[in-house]
Amino acid sequence: MATISDVAARAGVSTATVSRALNGKSTVDPTLAARVQEAAAELGYHPNGLARNLRRQETAVLALIISDVENPFFTAIARGVEDLAQRSGYSVVLCNSDENEDKERRYIEVALQERVAGVVLSPTGRSTSVEGLRRQGTPLVAVDRPLPAAAGDQVLVDTRHAAAEATRHLLAGGYERVGCLTGPAGVRTADDRLAGYADVVGEENVLSRRAEYRAEGARLAASELLDAPSPPDALLVANSTMAIGVLEALSARGLRPGSDVGIVSFDDAPWTTLVDPPLTVVAQPAYEVGRVAAQLLLARISDSSRDATTTTLEARLIVRKSSRR
């Protein structure tokens, strides 16, 4: 791993000049600063932000990169991470990738530059790369969505089983044409929820649409299903944000959850008991996911030789009136 001395030697300047140049000090001649930046880029050198923090006796830092800060599921994960990290003397920097691979890549780069003590990451999809973290030896825990086992520890929820349970619940309640609204292809949670639903209804009876994990995309997807010649009489919805769009689509057509179209949604958001009728949900242990992830990350920071582990938690079906005739 390149050091500040290596950069100084490559640029032909002192280490003090390298430090000032990389910290944007105006006292460095622009020509020298450009030479330093070029040398740092060639050597792959990142300033050790964590070391600077420790020299100032500031708290060590963890980076938490989540997929959607507006989604209550990820907010609860963040609280679980932060509560345990704070008790252990760590601060947590929250980064919202917004389901965007470019933003995720930039935040991972920031984590590398600042030499954070560890990273908790909810990957955006299959193209997520953590190779830089692995090369630098930065401890990593993936949450909600898996990465290759060798990349680090991971904390998941068995949503395939939960989706199957929710689908069986709708069929047992007298609904005959159960549809499924799930997230983008290639996102493990979206694929698992669709697979769990298909396990119950059978591949030949799958009635599904995919959309971004957003209300508007779900509204449009639900509208397509509801306006079909043979519309579903029940829907399994992949998360609470999408459920908002589904409820909007039902309202626009004068349809009532439960009596007209049965609804079960993943995630027990605070508002799900306030709508009429209250929403039946698959409650995921989001806070526990975050707490366990922080616990594993701190253990990895203490002992990097530990074998990578996968912790799988269970979701819970909470039956309310939106899934009853």
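Helices here are DSSP runs of H or I with at least four residues, strands are runs of E with at least two, and both are numbered from the N terminus. The model is predicted, so local features need pLDDT of at least 70 and side-chain atom pairs count only at pLDDT 80 or more, while totals for chains, interfaces and linings use all residues. Residues are numbered from 1 along each chain as its sequence is written, and side-chain values use heavy atoms, with hydrogens and water left out.

**Exercise 1. Describe the largest cavity and state which helices and domains line it.**

Solution.

Step 1. A cavity is a set of points, on a 1 Å grid over the protein atoms alone, where a 1.4 Å probe fits but cannot get out; lining residues have an atom within 4 Å of a point. Grid points are joined across faces, edges and corners, and a volume is the space filled by probe spheres set on the points.

Step 2. One cavity of 30 Å³ or more is counted, and the largest cavity holds about 70 Å³ of space. Its lining comprises 13 residues, of which Asn 71, Phe 74, Arg 145, Tyr 213 and Asn 239 are the closest to its centre.

Step 3. Helix 5 (72-87) and helix 9 (188-201) each supply at least two lining residues. Domain bounds come from an automatic or database domain assignment; domain 2 (57-157 + 286-314) and domain 3 (159-283) each contribute at least three residues to this lining.

Step 4. For the classes, Ala, Val, Leu, Ile, Met, Phe, Trp, Tyr, Cys and Pro count as nonpolar, Asp, Glu, Lys and Arg as charged, and the others, Gly among them, as polar. The lining of the largest cavity then has six charged, four polar and three nonpolar residues.

**Exercise 2. Characterise the largest pocket and the second largest pocket by volume and lining.**

Solution.

Step 1. A pocket is an open set of grid points with protein on both sides within 12 Å along at least five of seven lines.

Step 2. The largest pocket contains about 350 Å³ of space. Of its 16 lining residues, Glu 109, Leu 112, Glu 131, Gly 132 and Arg 135 are the closest to its centre. Helix 6 (101-113) and helix 7 (131-136) are the elements that give two or more residues to this lining, and helix 6 provides the largest share, six residues. The lining divides into seven polar, six charged and three nonpolar residues.

Step 3. The second largest pocket has a volume of about 250 Å³. Among its 15 lining residues, Thr 138, Pro 139, Ala 151, Arg 300 and Ser 304 lie nearest its centre. Helix 7 and helix 12 (286-302) each give two or more residues to the lining of the second largest pocket, which has seven nonpolar, four polar and four charged residues.

**Exercise 3. Classify the packing of helix 10 and helix 11.**

Solution.

Step 1. Axes are lines fitted to C-alpha atoms, for helices over the stretch in contact, and angles run from 0 to 180 degrees between N-to-C directions. Helix 10 (residues 215-226) and helix 11 (residues 240-252) pack at about 45°, with their axes 7 Å apart.

Step 2. Angles under 35 degrees count as roughly parallel, over 145 as roughly antiparallel, 65 to 115 as roughly perpendicular and the rest as oblique. Helix 10 and helix 11 are therefore oblique to each other.

**Exercise 4. Locate Pro 277 and Arg 115 and describe their backbone.**

Solution.

Step 1. The peptide bond from Asp 276 to Pro 277 is cis, with omega near 0°. Pro 277 is in the loop between strand 9 (262-266) and strand 10 (280-283).

Step 2. Arg 115, although not a glycine, has a positive phi of about 50°. Arg 115 is in the loop between helix 6 and strand 3 (118-121).
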